[in-house]
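User: I would like to learn how to read this model, one feature at a time. Please give the general idea before each case.

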Amino acid sequence: MQQLKCLGIGCSPRIQGNTSLLLANAMQGAAEAGAKCETIYLRDYKFSPCIACGGCNQAGQCVLKDEMQMIYRQLLDADRIILAAPIFSMGMNALGKGFIDRGQRFWATKYILNQAVAPRPDGPARLGLFLSAAGTDLPGVFDCAIRGVKYYYKMADIKYLKEFCYSKVDAKGEILNHPNALQDVYQAGQDLILAH
Ligand SMILES: Cc1cc2nc3c(=O)[nH]c(=O)nc-3n(C[C@H](O)[C@H](O)[C@H](O)COP(=O)(O)O)c2cc1C
């Protein structure tokens, strides 16, 4: 059987922060389940927010020729995706949201051009997870971010499997003290590779 490719996307600006640690553990699980894994951090890429020019309506391509183009290629090539983003101001943080908005080219491909975004007639399904952390446990603190990721995955022809969201995790690295988070996401990474 062909080796699955798993792409991890870290959205936090904070190096070794809580969502980056969750992502690292999930990716370790995926690697140990046999996937070819690569993790990228959006903070290492220079890309513009969507400028709402409508250029992607013509051919499903983004006219902004910045480093998001590299990420598009990796994303379209991946069989499994793990997105990890913290909650800032009751929604996904800006780097993560900027990434999601740049998925507008997938929306245009799907809903204006009526084409498949990542056609793979005989290939494995594309499946994704979402990992998050928030400093508070305010009701609904993850709702907006989860909705955005579900929307993005649908646009990008990725089946949304599940989220792992941890509240009351604020200081850098505090997730390391959580009783089960790291083991849970490690297991989720393994399960993601074994899922169909
Ligand atoms: C600018 C900013 C805004 C934040 N807004 C919220 C918020 O609205 N609700 C909340 O529960 N936590 C909020 N937090 C706390 C983060 O969600 C928390 O520190 C999280 O663990 C960060 O994850 P990271 O280490 O992966 O960046 C905010 C943090 C920052 C820096």
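Analyst: Begin with the elements that surround the ligand. Helices (H or I, at least four residues) and strands (E, at least two) are DSSP runs, numbered from the N terminus. Here helix H1 (18-32) and strand E3 (80-88) each supply at least two residues of the shell around the ligand. This is a predicted model: local features need pLDDT of at least 70 and side-chain atom pairs count only at pLDDT 80 or more, while totals for chains, interfaces and linings use all residues. Residues are numbered from 1 along each chain as its sequence is written, and side-chain values use heavy atoms, with hydrogens and water left out.

User: Which element gives the largest share of the shell around the ligand?

Analyst: Strand E3 does, with 3 residues.

User: Which residues come nearest to the ligand?

Analyst: A residue is near the ligand if one of its heavy atoms lies within 4 Å of it. The ligand has 17 residues around it, and Ser12, Thr19, Ile87, Thr136 and Asp170 come nearest.

User: How many residues of each class does the shell around the ligand have?

Analyst: Ala, Val, Leu, Ile, Met, Phe, Trp, Tyr, Cys and Pro count as nonpolar, Asp, Glu, Lys and Arg as charged, and the others, Gly among them, as polar. On that scheme, 8 residues of the shell are nonpolar, 7 are polar and 2 are charged.

User: Which backbone atoms lie at short range from oxygen atoms of the ligand?

Analyst: A polar backbone atom of Asn18 is 2.8 Å from an oxygen atom of the ligand. For Met90, a backbone N or O atom is likewise 2.8 Å from a ligand oxygen. In Val169, a backbone N or O atom lies 2.7 Å from an oxygen atom of the ligand. On its own the ligand has 640 Å² of accessible area, and the protein covers 76% of this. Such areas come from the Shrake-Rupley method with a 1.4 Å probe.

User: Met90 came up there; what is its phi, and where does Met90 lie?

Analyst: Met90 is not a glycine, yet its phi is positive, about 65°. Met90 belongs to the loop between E3 and strand E4 (91-92). Ala52 is another non-glycine residue with a positive phi, about 55°. Ala52 is placed in the loop between strand E2 (36-41) and helix H2 (56-59).

User: Why does Ala52 count as exposed?

Analyst: Buried means under 20% relative accessible area, exposed over 50%, and partly exposed in between (1.4 Å probe, protein chains only). Ala52 counts as exposed because its relative accessibility is 68%. Met90, with a relative accessible area of 39%, is partly exposed.

User: Is Ala30 buried or exposed?

Analyst: Ala30 is buried, because its relative accessibility is 0%. Ala30 is part of helix H1. From Ala30 to Asp66 the C-alpha to C-alpha distance is 29 Å, for a sequence separation of 36 residues.

User: What is the corresponding reading for Ala156?

Analyst: Ala156 has a relative accessible area of 0%, so Ala156 is buried. Ala156 sits in the loop between helix H6 (143-155) and E6. Ala156 and Tyr72 are 84 residues apart along the chain, and their C-alpha atoms are separated by 10.0 Å.

User: Where is Ser167, and how far apart in space are Ser167 and Ile9?

Analyst: Ser167 is in the loop between strand E6 (159-166) and helix H7 (181-194). At 32% relative accessibility, Ser167 is partly exposed. Ser167 and Ile9 are 20 Å apart, C-alpha to C-alpha, with their positions 158 residues apart in sequence.

Definitions and conventions. Polar contact = N/O pair within 3.5 Å; in protein donor to acceptor, adjacent residues only side chain to side chain.
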